[in-house]
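Hello,

Thanks for offering to take this one over. The structure is just below, and after it you will find my notes on what turned up.

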Amino acid sequence: MSIRVRLAALAVTTAAVLSAIAQLPAAAPTATAAPEAGRVEVFGHRGASGYRPEHTLASYELAARMGADFIEPDLVPTKDGVLVSRHENEISGTTDVADHPEFADRKTTKTIDGAELTGWFTEDFTLAELKALRAKERIPQLRPNNTIYDGRFEVPTFQEVVDLSRRLSAELGREIGVAPETKHPSYFQRIGLPLEPRVVRALDENGLNRPDAKVVVQSFEVANLRELDRSLRVRLVQLISDSGAPQDFVESGDPRTYADLVTQEGLRGIAEYADVIGPDTKVLLPVDESGHLTGPTSVTADAHAAGLQVVPYTVRAENDFLPADFRSSAVPSEFGDVLGYFDALFAQGIDGVFSDFPDIAVEARG
């Protein structure tokens with residue numbers, strides 16, 4: 001199939017999907033205006049991780065230069081209590097730690113949020129030891145071009161990410177926000193390395209703990225956001241998976257699930273301590289067993305009615321991550337009609353979006 005024919009087919013697919021969405025019952029009027037007078041905020045998910053290994057200063061810098069409003073570091077602690085940026089505390093998939101014989105004896109098996117993992121964990125390394133490692137691409141089978149950067153970049157600290165955002169804000173003439181996510185807060189609390197006081201201290205020391213700071217703090221758990229709400233004056237984001245339950249609910253015996261949190265009652269409860277929900281895109285635009293869209297939910301409208309902003313995650317360009325309606329081929333790593341998918345999400349009235357491809361998100365926003 002020629003490129004021209006393929007693009008034409010994708011345009012037809014996009015138009016059909018948007019037409020189907022338009023036929024569904026209209027959502028209720030929103031009660032909360034989107035940030036910056038209706039401008040959808042773009043969050044560089046782990047930086048510009050579609051183009052550089054995730055959670056590296058190079059990835060964050062590229063995201064800002066591509067137009068992202070925020071860069072997003074996931075935070076985990078080192079053995080000596082320093083916050084560093086990794087998607088997970090288990091780092092064998094995102095660093096070259098396995099190639100360091102001096103750290104071979106650090107390999108171990110742990111249970112993290114109910115899952116047994118074998119590898120190397122940040123909490124078993126000092127910051128100095130982590131700085132000896134280098135980042136690598138986490139999903140090379142889907143992003144082979146990113147592997148050319150393997151071995152070039154360090155594991156950054158949260159302070160280095162904040163410093164980078166300030167430098168780029170001055171250089172680019174617009175403020176680059178920071179959106180840290182606290183990873184596995186119950187686990188780190190249990191082993192004596194709580195994330196919350198370290199996040200609060202970092203924001204305090206950098207003069208960022210104020211209502212007008214361009215900072216949002218995220219978590220998939222609830223209890224730690226409630227705790228942070230007592231200390232922080234920045235926006236808080238309750239992340240929402242499309243399945244399962246918050247880990248702190250699981251550990252405390254609370255029977256509620258993420259699905260319960262996005263009922264009208266659940267959303268009103270979130271609004272007591274948070275300002276934003278960050279749902280999986282499938283919470284807003286579900287898919288059936290074949291991966292095709294089934295039509296939107298009322299979550300966006302219900303969240304707005306509760307006074308919450310809505311910033312879904314994570315839009316990626318590869319077919320492997322897109323609903324079947326927007327795939328261009330059966331090849332997982334090829335780009336699909338991601339602009340069409342952005343259009344479908346924007347039609348829901350979202351206030352922001354997380355994307356590994358911030359340049360495409362900015363283009364879609366217009």
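Let me begin with a pair of charged side chains: Glu318 forms a salt bridge with Arg143, and their closest N and O atoms are 2.7 Å apart. Glu318 sits in the loop between β12 (309-310) and α14 (338-346), while Arg143 belongs to the loop between α4 and α5, so this bridge ties together parts that are 175 residues apart in sequence. Both partners are hidden from the outside: Glu318 counts as buried at 1% relative accessibility, and Arg143 counts as buried at 4%. Please keep in mind as you read on that this is a predicted model.

Salt bridges elsewhere

The count of salt bridges comes to 25. Another one to look at joins the side chains of Asp124 and Lys110, with 3.0 Å from N to O. Here Lys110 is in strand β5 (residues 108-112) and Asp124 is in the loop between β6 (115-119) and α4 (127-130), so the pair links parts that are 14 residues apart in sequence. Are these two partners buried or exposed? Lys110 counts as buried, at 16% relative accessibility, whereas Asp124 is partly exposed, with a relative accessible area of 23%.

A third bridge stays within one helix. The side chains of Arg167 and Glu171 meet at 3.5 Å, N to O, and the two residues, four apart in helix α5, are separated by about one helical turn. That spacing fits a general rule: an α-helix has 3.6 residues a turn, so residues three or four places apart point the same way. Arg167 is partly exposed at 41% relative accessibility, and Glu171 is partly exposed too, at 45%. Through shared partners, salt bridges join Arg167 and Glu171 with Glu61 and Arg65 into one network.

Helix α3

Now for helix α3, which spans residues 57-65 and has Ser59, Tyr60, Leu62, Ala63 and Ala64 buried. What covers these buried residues? The cover includes the strands β1 (41-45), β2 (70-72) and β4 (83-85), along with the helices α5 (158-172) and α15 (358-365). After α3 comes Gly67, which has a positive phi, near 110 degrees.

Strand β10 and its neighbours

Strand β10 (residues 235-240) is mostly covered, with five of its six residues buried. On one pairing, β10 runs parallel to strand β9 (residues 216-219), and four bridges join them. In that pairing Gln218 stands opposite Val237 of β10. To get from β9 to β10 the chain passes through helix α8 (residues 223-229), and this β-α-β crossover is right-handed. β10 also runs parallel to strand β11 (residues 276-279), again with four bridges between them. There, Ile240 stands opposite Pro279 in β11.

The largest pocket

Last, the pocket. The largest pocket has a volume of about 810 Å³. Its lining is made up of 43 residues, and those nearest the centre are Arg46, Phe220, Ser241, Asp280 and Tyr313. Which elements give two or more residues to this lining? They are β6, β8 (181-182), β9 and α12 (281-284). So that you can link the two sections, β9 is also the strand paired with β10.

If you would like a place to start in the viewer, try Glu318 and Arg143, the salt-bridged pair, and then move on to the largest pocket, with Ser241 and Asp280 among the residues nearest its centre.

Best wishes, and enjoy exploring!

Definitions and conventions:
Residues numbered from 1 in each chain as written. Predicted model: local features only at pLDDT ≥ 70, side-chain atom pairs only at ≥ 80, totals over all residues. Heavy atoms only, no water. Buried < 20%, exposed > 50% of the residue type's maximum accessible area, 1.4 Å probe, protein only. Contact = heavy atoms within 4.5 Å. Salt bridge = Lys/Arg side-chain N within 4 Å of Asp/Glu carboxyl O. Pairing = 2+ DSSP bridges. Right-handed = clockwise from strand over helix to strand, strands pointing away. 1 Å grid on protein atoms, 1.4 Å probe; cavity = no way out; pocket = protein on both sides within 12 Å on 5 of 7 lines; lining within 4 Å. Points joined across faces, edges and corners; volume = space filled by probe spheres on them.
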